[in-house]
Amino acid sequence: MEKPSRKRGRKSKNAADAEANPNLTTTATSADDVVASLNTAADTTKTDRRGSKRHRKTGKGKSDDVGIGASPDRRASRHSDHNGDCDIVTAVSDGAPRWETVGKVVPSMDAVVKVFCVHTEPNFSLPWQRKRQYSSSSSGFIIGGRRVLTNAHSVEHHTQVKVKKRGSDTKYLATVLAIGTECDIAMLTVSDDEFWEGISPLEFGDLPALQDAVTVVGYPIGGDTISVTSGVVSRIEILSYVHGSTELLGLQIDAAINSGNSGGPAFNDKGECVGIAFQSLKHEDAENIGYVIPTPVIMHFIRDYEKNGEYTGFPILGVEWQKMENPDLRMSIGMGNEHKGVRIKRIEPTAPESNVLCPSDVILSFDGVNVANDGTVPFRHGERIGFSYLVSQKYTGDKALVKILRSSKIYEFNIKLATHKRLVPAHIGGKPPSYYIVAGFVFTAVSVPYLRSEYGKDYDFDAPVKLLDKHLHAMAQSVDEQLVVVSQVLAFNNKPVKNLKSLVDMVESCNEEFLKFDLEYEQIVVLRTKMAKDATRDILLTHCIPSAMSDDLK
């Protein structure tokens, strides 16, 4: 994703007039007119944004005309301008507006809550410590089963989570049931029965079509009350989920997403939830591009949790493939005009299908759906989508029928799907980082959070090329393999280091006179074994480090 650009918002003219003339007579259209306006626009005020906890990155979007969620003064003023021939009813009898006429029109908004989280992130430079805690706020909404959905990045590394209902002054302590890192969804619950009183859970709707109206509701930056943004679905495709470093189905809408809007629901014109706001594109060449997690991804997360009692993730096929649009390439691999598919370049050694599939196999179909030469499959009328969408609809442990072309012959395999095992994982599951200290050297395992902590948010440009090559292209040879670094440790006393645990075992059990660490770039570090172990104890005492290794390595 491009670097974000920030633009200062402008206050709408109606809002400015209302502030300048607070004693203006308050009027409103009839209830039928309000309902009609809801069904077509469903409240407008542009908001939303990428990974938007209000504490972080407070990107500012352009403000839009105030909608139904605004005060009756502003709403009535706008309706009187555009509907001069309609009946006007007075909303003031004793100097106070009748707010209940608005509340009855949009009852689904009562299910939208504000999420408050206290975070304590790991300190990757000093992995035995944690960073100073900070607070953030975001949005969420209530679903069936006394549960609340929000974004995973809204409660990442949480130490305390609270939620507050619309119109309430009470914050209720919440418990995190599941965090889906790949899909950026988290599920919460509240034990206090009072929280659930008078609230109807939201119902989910079908995946919207292009140009369908969507309304995103939440608590973005710029105020403490609920905010409503509206737009239309401008694109449906496989998107890159920034938080999860994965690619799943997503909706693009033409509404800006601001900090704090993350986790808020997106409604269709029937008042059904069709997605969760979670990120946006901030770039000098793009405006009002926001992204929504659609209902197929949300339902997969919910059913996965209900089926397994925990979140198990989205499975992958575990292959790298290339398009087969070049006629010479197709001919060289034995594909006829009747064949369409994609060629397998590499297979993850940890993937179950590594035992049956081979490089240069051509995937012709997945679960009976033919794959085109560009890697797409039919989606809906007039639409195509990447065939990874079919894989993402499966659950971990499910089987799929894969038809391949090998040496001009067609084969079919029932493949068991599993989650992705990365050599450099995208997340550490909310746990503290693993580390091991010997003679002043701090060894740790590389992960994307580690790279981001050490080299900044532009780590994919600033990190050493060797690390980036491992991150982007290397594949784990076993499920427990890790990339261990001081700089980058590949061998110890001429023995390969498989992961941190194996390094700990080799050092602790070493009876040789010297400890020799072979680093990349032909560098060697040699220490006297007894002196190194004695120095480790002194270093721990000097720096007040409780242990030479993290708890998971003991």
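Isoleucine 524 is exposed in the predicted model, because its relative accessible area of 52% lies above the cut-off, exposed residues being those over 50%. Isoleucine 524 belongs to strand β29, which covers residues 524–528. Together with Phe514 and Val526, Ile524 makes a nonpolar patch of about 270 Å² on the surface.

For the protein chain as a whole, the accessible surface amounts to about 27100 Å². Carbon and sulfur atoms account for 48% of this area. Of the 554 residues in the protein chain, 49% are buried. The secondary structure of the chain consists of 12 helices and 29 strands. When contacts between residues at least 6 apart in sequence are considered, 65% of them join residues at least 24 apart.

Six of the strands form a closed barrel in the order β3-β4-β5-β8-β7-β6, and their pairing is antiparallel. On average, neighbouring strands of this sheet are turned by 40° against each other, with direction ignored. Within the barrel, strand β6, comprising residues 158–165, is paired with strand β7, comprising residues 172–180. This antiparallel pairing extends over three bridges. Lysine 162 has leucine 173, a residue of β7, as its bridge partner.

Helix α5, formed by residues 295–308, lies across several strands of the barrel, namely β4, β5, β7 and β8. Of these, β4 spans residues 134–143, β5 spans residues 147–150 and β8 spans residues 185–190. Relative to β8, helix α5 runs at about 55°.

Note on methods. Residues numbered from 1 in each chain as written. Predicted model: local features only at pLDDT ≥ 70, side-chain atom pairs only at ≥ 80, totals over all residues. Heavy atoms only, no water. Pairing = 2+ DSSP bridges. Helix = DSSP H or I, 4+ residues; strand = E, 2+ residues; numbered from the N terminus. Axes fitted to C-alpha atoms, helices over the stretch in contact; angles between N-to-C directions. Contact = heavy atoms within 4.5 Å. Buried < 20%, exposed > 50% of the residue type's maximum accessible area, 1.4 Å probe, protein only. Areas by Shrake-Rupley, 256 points an atom, 1.4 Å probe, with all protein chains shown as cover. Patch = residues over 30% accessible without salt bridge, like charges linked within 9 Å, V, L, I, M, F, W, Y side chains within 5 Å. Salt bridge = Lys/Arg side-chain N within 4 Å of Asp/Glu carboxyl O.
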